[in-house]
Amino acid sequence: MTLPAGSGPLAGVKVLDLSWIVAGPTVGRAMADYGATVIRVESPSRVDTARVVGPFHGDEAGVENSGLYGNVNAGKWGLTLDLRVPEAQNIFRRLAVWADIVCESFTAGVLARWQLDDQHLRALKPDLIMLSSTLLGQDGPYNQVSGFGSQGAGMAGIQDLAGWPDRAPAGPFGPYTDYPAPRFALTALLAALDHRNRTGQGVFIDQAQAEGTLQLLAPALIDVKNGGPALERRGNDDPQMSPHGVYPCAPPQGRAESWVAIAVASDDQWTRLAPLIRADGTLSLDERRQRQQEIDEQLAAWTSRRDAREVETVLQTLGISAHRLATTEDAANDPQLAHRNHFRRLPHALHGETVVEASRYILSDTPANPARPAPQYGEHNEQILKDVLSLTDTEIENLAASGALS
Amino acid sequence: MLSPYRVIDLTDERGVLAGQMLADLGADVIQVEPPGGSSGRAVAPFFADCPDDSIYWAAYTRGKRGVTCNLEDQRGRDLFLRLLESADFLFESADIGRMAEFGLGYEALHERFPYLIYTSISAFGQTGPKAHYVGSDLAIWAAGTPLLMTGDDDRPPVRVSQPQSWGHAAGDAAGGAMLALHARHESGRGQHVDISAQVSAAQATLAQVLAHQLGAVEPERYGGGIKIRGQAIRGTADVADGYIVLLMGPGPAVGHFANHAVKWLVDIGAAEPELLDENFVTYADRVATGQADPALFPRIQEIMREAVAARTKQEMLEISIEYDLLLVPVLTVADIADSPQLEHRGFWQEIEHEDGRRVVYPGPPLNIMVDGDPLGISRRPPPELGQHNAEIYSELGMSAAEIEELRSEGVI
């Protein structure tokens, strides 16, 4: 017996998702979107940080109100297991044997203490595919560093690279290593699944989330490693574009500020922009960069009298890259995101309705639809224990009495 | 793992990482450029000792083979179709409509190569009211919403100084293409994977992109921290030689780290031992019911800031590991180049370029064991322009004379 199968290219693929917060769960979410049966295991005692971080339904904090938790766990089945309890460890082993893929993001070494790490699980299931995802990797002098992606942003250099040269780093928004890392993990897991299906061989993936993020800094890293300068934060300056920056606009009713991003990538584009701001359209990139401050002031004087949407439309019509800095309200009303049906409303037992983002890819033949909202705490405990592991009511009662589930 | 598969990679600087992600997993990836070279070869930075050589392009074509092919020419298009005969994946990032103008749009190629997985990377997606918008790193970051959330609150919002948008989109392109591969195993058919960099950028908001629709407040930017309903919380602190990420708070998610920090402060004599009796996991609840002093936690934060200010990033990292604190250095690019952790993990790899230069690269993003053995790592250098023309076009069954003719006529 098993849980009802999903539909899509991964229908029938079974995933045991022991990861938490964002970097790991995002991977399971993508697999659930495309039909995999994903059981998300949560600790009943140590709350998943994603549940206590907003945005919250109705702006009210609460472990069942988090839009973040909802966004990265939609379509999964929920099971609570306290892995410090031996009975829970046994349940986990049985689920690992059921699964094709196990994802986890404990500090390196924790699962080994419970004999639930790759080596022990592989002895039970030789063709297991397992992802262990941590900030800095399974080995090395700093493998025990605790942290969320915000710490990862510090260790991956991104924190230092966002901001102004005359100020302390502003940093990116939130736990940045949680954003690139799932892309690398998902791609590798799907390759591993393909490989296993052809060869019967199991695969272990040791992910350092920081190392995934460093791929997005590769040009700067290669530069410094080979005798070049070390990149430092430089505001919105770009060595190959001018003007290039964020300019103030006339705020719409009810907003304190409004901004537009403008990136002029060629002399041709500059020739088209210059007349609007009464500047010299013949200036070269070097000349524009030499007179950057003056040009920025002229451009800001022009944008600040206009609505950001107007600036965006006027410049895009001229073939110049521009876009208002979207608020989340703007995103909700963005005709392009609506065209892609990017925001999905799902019926929700507690909230009536919830909203999640759609899959980040549109596949023409096998489009994804999140089957259900993220599970509430332990929502599917009984169903999973009965349908997947064929436990009887008495066995479930005994399990509950051992403290394994709560 | 992906050695049975071939990728034809027609991307320029927009999305060139996607093919490399599959190359790092073992796929045979062929980067296709116009005879004059990809626009990606003009993207900064450039090698200090070789100022015409783009580090950006090298970074994301490492591990691939390279050919040239002039799609403006009918013979080039015919040649490109021959390349696709043996391909499982195509990645492209051309301006919207350009591939169709060449007769190489999805519909035409799907009819001809029903097996082919055709992945398109663009700023806003292949169709829709903004599909023809001109994309850029900054505009994409603005449209996806992370840009407005980032920066000092008294200055304009600010991006990451190494552009990020296309990297996120490329990561989604690789994942989407692999999902389509699994679909092909079921259906026997390839399909079109449509990547929007705007949607990819929305990932970098911690789901705050949903805030308005959930009835939550709009996030506000605050340098080195966050601001909630106008209240700023700094997430970094000054140390003797730079900055650290320091997240200290009470509550069920992070309160135990605050307890550990108090232990350290007591050990160094900066805080009184009585504080060890306080439990910051439950502190906030007790403040709410009047059982704990609301001034206590801010005082400890102040003590903590003073204690770290006198120490270096490296000292604080070691203390963080010893006491299990939620604290790490804000590493600079220069620091990362010297990281003992990356050194230990064998992250850096030296690759010999075709011209003999030895260049140090970041390694693949994952350490992978297949059936107990490490997955082989390719040390193939980035291809010079058209480097594998003879090799690959002869694999297609062309004679040396035919290849030379195409070369002399500017097709390759």
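The following paragraphs describe the domains, the nonpolar cores and one buried arginine of a predicted model.

Both chains have an assigned division into two domains, and chain A may be taken as the starting point. In chain A, domain 1 is made up of two segments, residues 14-216 and 339-401, while domain 2 covers residues 244-332. The centres of these two domains of chain A, computed over C-alpha atoms, lie 40 Å apart. In chain B, domain 1 consists of residues 6-205 together with 345-408, and domain 2 runs through 235-336. For chain B the corresponding separation of domain centres, again over C-alpha atoms, is 44 Å.

Chain B can be described further as a whole. Its C-alpha trace extends over about 85 × 50 × 45 Å along the principal axes, and its secondary structure consists of 17 helices and 17 strands. Of the contacts in chain B with a sequence separation of 6 or more, 67% join residues 24 or more positions apart. Chain B has 412 residues, 60% of which are classed as buried. Its accessible surface amounts to about 15,100 Å², and carbon and sulfur atoms contribute 50% of that area. Chain B carries 32 positive and 59 negative charges, yet the mean positions of the two sets are 2 Å apart.

The interior is considered next. In soluble globular proteins, nonpolar side chains tend to be buried together. The largest nonpolar core of this model has 149 residues, and A:Met31, B:Phe89 and B:Ile368 are those with the most contacts inside it. Helix H7 of chain B, residues 165-187, supplies the largest share of this core, with ten residues. Apart from this core there is a second, separate one of 35 residues, with A:Leu18, A:Trp77, A:Phe92 and A:Ile384 among them. Returning to A:Met31, its contacts beyond four places in sequence are A:Leu10, A:Val15, A:Ala36, A:Ile101, A:Cys103, A:Leu186 and A:Leu189.

A charged residue of chain B completes the account. B:Arg62 is located in the loop that links helix H2 (55-61) to strand E5 (65-68) of chain B. Is B:Arg62 buried or exposed? B:Arg62 counts as buried because its relative accessibility is 1%, and the cut-off for burial is under 20%. When neighbours within four places in sequence are set aside, B:Arg62 is in contact with B:Gln20 and B:Asp24. Its further contacts include B:Gln349, B:Ile351, B:Tyr361 and B:Pro362, as well as B:Arg380, B:Pro381 and B:Pro382.

Key: Residues are numbered from 1 along each chain as its sequence is written. Chains are lettered from A and ligands numbered from 1 in the order in which they are written. This is a predicted model: local features need pLDDT of at least 70, side-chain atom pairs count only at pLDDT 80 or more; totals for chains, interfaces and linings use all residues. Side-chain values use heavy atoms; hydrogens and water are left out. Domain bounds come from an automatic or database domain assignment. Helices (H or I, at least four residues) and strands (E, at least two) are DSSP runs, numbered from the N terminus. Buried means under 20% relative accessible area, exposed over 50%, partly exposed in between (1.4 Å probe, protein chains only). Contact means heavy atoms within 4.5 Å. Accessible areas come from the Shrake-Rupley method with a 1.4 Å probe; for residues, only the protein chains shown count as cover. Lys and Arg count as positive and Asp and Glu as negative; His and the chain ends are not counted. The place of a charge is taken as NZ of Lys, CZ of Arg, CG of Asp or CD of Glu. A nonpolar core is a set of buried Ala, Val, Leu, Ile, Met, Phe, Trp, Tyr and Cys residues joined through side-chain atoms within 4.5 Å.
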